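Please take a moment with the model shown here, keeping its sequence alongside, before reading the account that follows.

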Amino acid sequence: MILRTLILIFAIIPAMASFSQTDFERIPRKKPDFSQIQREINDRTSPYYYPRLMEEFQRNDTIMKLDKYRYLYLGYSLQEDYNPYRTPSFTNMAANIDRANLTRQECDTVIKYCNMAMQDNPFDLQQMSTLISALRQRGSTALADIWQYKFNYILMAIVSTGTGLDEENAWYVIEPQHEYVLLNMMGFVITNHLFYEPYYEFLTVTDRNGKSAGGYYFNIHHILEEYFRKFPDEL
């Protein structure tokens, strides 16, 4: 099945530094209501009107909080150019960042292409993580901190959709790669990726020491719904 193949493409991503799980535990959880999200992001009088949300996100500040990030992240899946399985327009630069000491010129190249990739897809979290690392190596600490803030809040927006512990409380993502990024940042290593009808994915994990840590559920109903609405020939 083409769709299943596309999902598996995202299975190989570089490991990243873990994000504090304690921070996640403080986040309020609520299953997303996409009908409500659509109303809010299309309402010019709403604080969640999508063009303004995206403008705020693209500014280099740290004013936005979790409520806006939740509408920003989930609302992106309701935009006309959304495609959860599209091929990135630019080659991923993550391989370069594996080197501990990039030259100034190499940092500049990585930063350039990461920015270009995120102009095409503002929620390419792999590129965003790579950009943060390159900026830190380049000495642009303040800008790296801003991007880290954005990155963290996007992950928290995902976590806010559930607990991930069962199907009823599964997490919602807008791209399959985000499942891996989230669990990597929580300090887990993914060992298997299973699909359960009608629209759940279950990722089994170990901790960094290789000890089994169970698994987490993701609800991809909205991903599939939007994908097949736009690409009915893939059904």
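The paragraphs below treat a helix pair, then a sheet, and finally a single loop residue.

This is a predicted model, and a convenient place to begin is the packing of helix α8 (residues 125-138) against helix α9 (residues 141-159), whose axes lie 8 Å apart and make an angle of about 155 degrees. Because angles over 145 degrees count as roughly antiparallel, α8 and α9 are described as roughly antiparallel to each other. The crossing in which α8 passes α9 is left-handed. The residues of this contact divide into 11 nonpolar, three polar and two charged; on the α8 side they include Leu125, Met128 and Ile132, and on the α9 side they include Trp147, Phe151 and Leu155.

Turning to the strands, four of them form an open sheet with mixed pairing, in the order β1-β4-β3-β2. Its edges are β1 (171-172) and β2 (189-196), each of which pairs on one side only. Strand β2 runs antiparallel to β3 (residues 200-206), to which it is joined by seven bridges, and within this part of the sheet Phe195 has Glu201 in β3 as its bridge partner.

The last stop is Lys30, which is found in the loop between α2 (21-25) and α3 (34-42). With a relative accessible area of 54%, Lys30 is exposed, because the cut-off for that class is over 50%. Leaving aside neighbours within four places in sequence, Lys30 is nevertheless in contact with Arg70, Ser160 and Thr161. The C-alpha atoms of Lys30 and Trp171 are separated by 9.9 Å, although these residues are 141 residues apart along the chain.

Notes:
Residues are numbered from 1 along each chain as its sequence is written. This is a predicted model: local features need pLDDT of at least 70, side-chain atom pairs count only at pLDDT 80 or more; totals for chains, interfaces and linings use all residues. Side-chain values use heavy atoms; hydrogens and water are left out. Helices (H or I, at least four residues) and strands (E, at least two) are DSSP runs, numbered from the N terminus. Buried means under 20% relative accessible area, exposed over 50%, partly exposed in between (1.4 Å probe, protein chains only). Contact means heavy atoms within 4.5 Å. Two strands pair if DSSP finds at least two bridges between them. Axes are lines fitted to C-alpha atoms, for helices over the stretch in contact, and angles run from 0 to 180 degrees between N-to-C directions. Angles under 35 degrees count as roughly parallel, over 145 as roughly antiparallel, 65 to 115 as roughly perpendicular and the rest as oblique. A crossing is left-handed if the near helix is turned anticlockwise from the far one by less than a right angle, and right-handed if clockwise. Ala, Val, Leu, Ile, Met, Phe, Trp, Tyr, Cys and Pro count as nonpolar, Asp, Glu, Lys and Arg as charged, and the others, Gly among them, as polar.
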